[in-house]
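Okay, thanks everyone, I'll keep this brief. Let me put the sequence and the structure up on the screen, and then we'll walk through one part together.

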Amino acid sequence: MVKEKEQTIQGLVFDMDGLLFDSERIIQKSWNEIGRQMGYENFGNHIYNTIGLNAVRREQYFKEHVSPDFPMEEFTEKTRILYRRIMEEEGVEKKPGAEEILKYAKEKGYRVALATSSRQNHAQMLLKKYGLFDYFDGTVYGDMVSAGKPDPEIYLRACEKIHIEPRYTAALEDAPAGIQAAAAAGMRPIMVPDLVQPDQKILNMVWHKCDTLYDVIKLLERL
């Protein structure tokens, strides 16, 4: 645990899916349906092992754990179409406290960045649709990095975007891969779990674990 006098946080870097938006469940729903159409049952269960990974790492996972010939291009295109349709018909819920913590961060003078494994087009569309895009001082997307989470590249680039050293920056994440990436970058990982609860290995990397983003606001107020 970091001592009180060392807790000087100047920047906050946010993941997106599963942290700011309840979008992982829609992704899982689309994977289940398209997987069924392609002959795979309960395909959405693979999301528990791929949360936080970008498209490249996700494809590696499918080829290793499903089939070396897994038709990634076909699967990706069909799931994107279904995801968009579900989102248009049902909407995507913001996670509790999502806009509140972004407002709080700006009011308190934190530099704020986004580090999401999602593609730029998808992420910007979602953030703009729900009024969150303008809160960010810098953004890094999954298709802008050569190595996805758990590699630290995306978090190191996000810290560069807001001109704050990683040691003075907290990373807010729901996924184990994201926690690993933030820890490897030398940041202070704050975990708000969504679909996957952390095991002891991940907990050992976590600076603080919170149940909701409202709890993260309370944590920042204490610090």
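So, strands β4 and β5: that's residues 169-173 and residues 188-191, running parallel and joined by 4 bridges. Keep in mind this is a predicted model.

Let's go residue by residue for a second. Ala170 sits opposite Arg188 in β5, and Ala171 has Pro189 of β5 as its bridge partner.

How does the chain get from β4 to β5? Through helix α8, residues 176-184, and β4, α8 and β5 together form a β-α-β unit that is right-handed.

Now stay on β5 and look at its two faces. Are the residues there buried or exposed? They're buried, on both sides: Arg188 and Ile190 on one face, Pro189 and Met191 on the other. So yes, that arginine is on the buried list too.

Moving over to the next neighbour, β5 also pairs with β6, again parallel, this time over 2 bridges. Met191 shows up here once more, with Lys209 in β6 as its bridge partner.

Okay, zooming out. Which order do the strands take in the sheet? It reads β3-β2-β1-β4-β5-β6, which is 6 strands in an open sheet with parallel pairing. At the edges you've got β3, 138-140, and β6, 208-209, and each of those pairs on one side only.

That's my tour, happy to rotate the view if anyone wants another look.

Conventions. Residues are numbered from 1 along each chain as its sequence is written. This is a predicted model: local features need pLDDT of at least 70, side-chain atom pairs count only at pLDDT 80 or more; totals for chains, interfaces and linings use all residues. Side-chain values use heavy atoms; hydrogens and water are left out. Two strands pair if DSSP finds at least two bridges between them. Buried means under 20% relative accessible area, exposed over 50%, partly exposed in between (1.4 Å probe, protein chains only). A crossover is right-handed if, with the strands pointing away from the viewer, the path from the first strand over the helix to the second runs clockwise.
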